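Q: I'm new to this structure and would love a close look at a single part of it. Could you pick one piece and walk me outward from there to its surroundings?

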Amino acid sequence: MIFIDEDYSRADRLAEKILRNVMIDRRYIAVITDQHIIEPGNLLYGLDTNASAARVFEALKAEPLAELVLSLGDLGDTTRNPNRETATASKDSYQHVKHLTEGLTLPLLTVAGNHDDPKLMEAAFPNQWESQKNGVCRYSFHGVDLISVDVRTGPEATGFISPETTKELDETLAQCRGALIFSHFPLFDLDNERIASGLSVTNREVLAPIFDRHRDKIAGCFSGHLHIWVSALINGIPVTSVPSSSFGFSLEPMSSDRETLSAAPCGYLLVGVATDGSVIVRPRFLPGATRNER
Ligand SMILES: [Fe+2]
């Protein structure tokens with residue numbers, strides 16, 4: 001019996017050690033996107049996006065694992081401009097974002113979406129990236145570089161990556177050992193014609209040689225804008241479309257239909273980075289916006 005107890009205790013100690021190593025080795029960020037926070041008292045598409053945004057920030061304030069929050073854009077939006085192609089968030093929208101994020105102690109790294117106003121957003125949430133140049137931002141996290149790419153400089157409501165940003169991304173990747181790349185618009189072709197023709201970076205072909213050159217360093221690419229959760233492996237690069245925390249769209253495989261609102265799960269992603277280069281993505285599901293919360 002004594003031997004059995006000792007064996008068990010040895011096994012327990014080993015299990016504890018393995019668990020401790022796993023816990024110590026991996027650190028997490030929270031990736032959020034498309035809250036579409038608007039002027040208080042309003043609805044967007046008939047949905048109370050401010051209520052769903054309140055839920056995501058309350059969840060993040062209580063999130064035990066995340067060490068920083070990375071927002072992929074459309075944090076703010078507006079109901080004052082009925083033209084959805086040109087609608088961008090107002091000062092009042094960002095005031096409300098500030099109100100909802102009160103008490104959030106984690107750094108909040110922002111990437112502007114097509115409904116954000118970069119200047120107003122920067123005024124409300126001063127830059128927390130470690131460096132920012134030619135549309136490329138960088139933040140060192142647990143041995144990898146978090147790199148964001150600004151791809152909003154093209155036609156309204158679509159993405160265009162400028163030559164300066166393309167060059168800067170290439171040079172940034174050349175300097176780092178490992179990277180996670182973040183953008184509002186998708187950088188890769190997915191399995192849907194509507195996404196390819198109207199919802200992704202319009203000149204994404206210029207990125208192909210850069211991704212080929214630095215493929216071994218890129219541990220993942222994350223984008224927002226689509227309001228769907230998709231994971232893919234494209235030319236050896238793990239690609240994730242991050243779900244909105246406010247509402248989902250229908251963008252079905254092999255379809256060219258325009259997006260409509262869907263009942264897909266909403267939430268955010270916890271992304272765990274380990275020193276061995278592995279990346280783990282876990283969804284944190286939350287109720288999306290509904291029509292009857294006020
Ligand atoms: Fe967007």
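**Helix H3 and the sheet around it**

A: Let's start with what sits over the buried residues of helix H3: their cover includes helix H2, strand E3 and helix H4 (118-124). Please keep in mind that this is a predicted model.

Which residues of H3 are buried? In this helix, which spans residues 91-101, they are Ser 93, Tyr 94, His 96, Val 97, Leu 100 and Thr 101. These buried residues lie on the same side of H3, because the arc they cover around the axis is only 155 degrees. Just after the helix comes Gly 103, whose phi is positive, at about 95 degrees.

Next, follow the chain through H3. The helix belongs to a right-handed β-α-β unit, together with E2 and E3. The two strands of that unit, E2 and strand E3 (residues 108-110), also pair with each other, in the parallel sense and over 3 bridges. If you would like a spot to look at, find Ser 71, which stands opposite Thr 110 in E3.

On to the other strand that pairs with E2. Strand E1 (residues 26-32) pairs with strand E2 (residues 66-71) over 4 bridges, in the parallel sense. Here Tyr 28 stands opposite Ala 66 in E2. To get from E1 to E2, the chain passes through helix H2 (residues 49-61), and this β-α-β crossover is right-handed. H2 is one of the elements that cover the buried residues of H3. H2 also lies across E1, E2, E13 and E14, and its direction makes an angle of about 130 degrees with E14.

That brings in two strands from further along the chain. Strand E13 (residues 266-274) is joined to E1 by 6 bridges, and the two run antiparallel. Ala 30 has Leu 270 as its bridge partner in E13. E13 is in turn joined to strand E14 (residues 279-286) by 8 bridges, again with an antiparallel run. In this pair, Val 271 stands opposite Val 281 in E14. E13 and E14 make a hairpin with 4 residues between them, and Gly 277 in its turn has a positive phi of about 90 degrees.

Now the strands can be put in order. They form an open sheet of 5 strands, E3-E2-E1-E13-E14, with mixed pairing. At the edges are E3 and E14, each of which pairs on one side only. On average, neighbouring strands of this sheet are turned by 25 degrees against each other, direction ignored.

Two residues of the sheet are good places to pause. Arg 26 lies in strand E1. Is Arg 26 buried or exposed? It counts as partly exposed, because it has 17 C-beta neighbours inside 10 Å. Its contacts, not counting residues up to four places away in sequence, are Gly 272, Val 273 and Ala 274. Arg 26 and Ala 274 are 248 residues apart along the chain, but their C-alpha atoms are separated by 4.2 Å.

The other residue is Leu 70. The largest nonpolar core has 69 residues, and Leu 70 is among those with the most contacts inside it, along with Ala 30, Val 31, Ile 181, Phe 182 and Cys 221. Not counting residues up to four places away in sequence, Leu 70 touches Ile 29, Val 31, Leu 109, Leu 146 and Phe 182.

Some of these names lead to another sheet. Strand E6 covers residues 144-149 and strand E7 covers 179-183. Both belong to an open sheet of 7 strands, ordered E4-E5-E6-E7-E8-E10-E9, with mixed pairing. Its edge strands are strand E4 (131-133) and strand E9 (230-234), and each pairs on one side only. From one strand to the next, the twist averages 20 degrees. Within this sheet, strand E8 (residues 218-223) runs parallel to strand E10 (residues 237-241), and 3 bridges join them. There, Phe 222 stands opposite Thr 240 in E10. This sheet has a helix lying over some of its strands as well: helix H5 (residues 163-175) lies across E4, E5, E6 and E7, running at about 20 degrees to E5.

Terms used: Residues are numbered from 1 along each chain as its sequence is written. This is a predicted model: local features need pLDDT of at least 70, side-chain atom pairs count only at pLDDT 80 or more; totals for chains, interfaces and linings use all residues. Two strands pair if DSSP finds at least two bridges between them. Axes are lines fitted to C-alpha atoms, for helices over the stretch in contact, and angles run from 0 to 180 degrees between N-to-C directions. Two residues are in contact if their C-beta atoms, placed from the backbone, lie within 7 Å. A crossover is right-handed if, with the strands pointing away from the viewer, the path from the first strand over the helix to the second runs clockwise. A residue is buried if 20 or more other C-beta atoms lie within 10 Å of its own, exposed if 12 or fewer, and partly exposed in between; C-beta atoms are placed from the backbone. The arc is that of the directions from the helix axis to the C-beta atoms. A nonpolar core is a set of buried Ala, Val, Leu, Ile, Met, Phe, Trp, Tyr and Cys residues joined through C-beta atoms within 7 Å.
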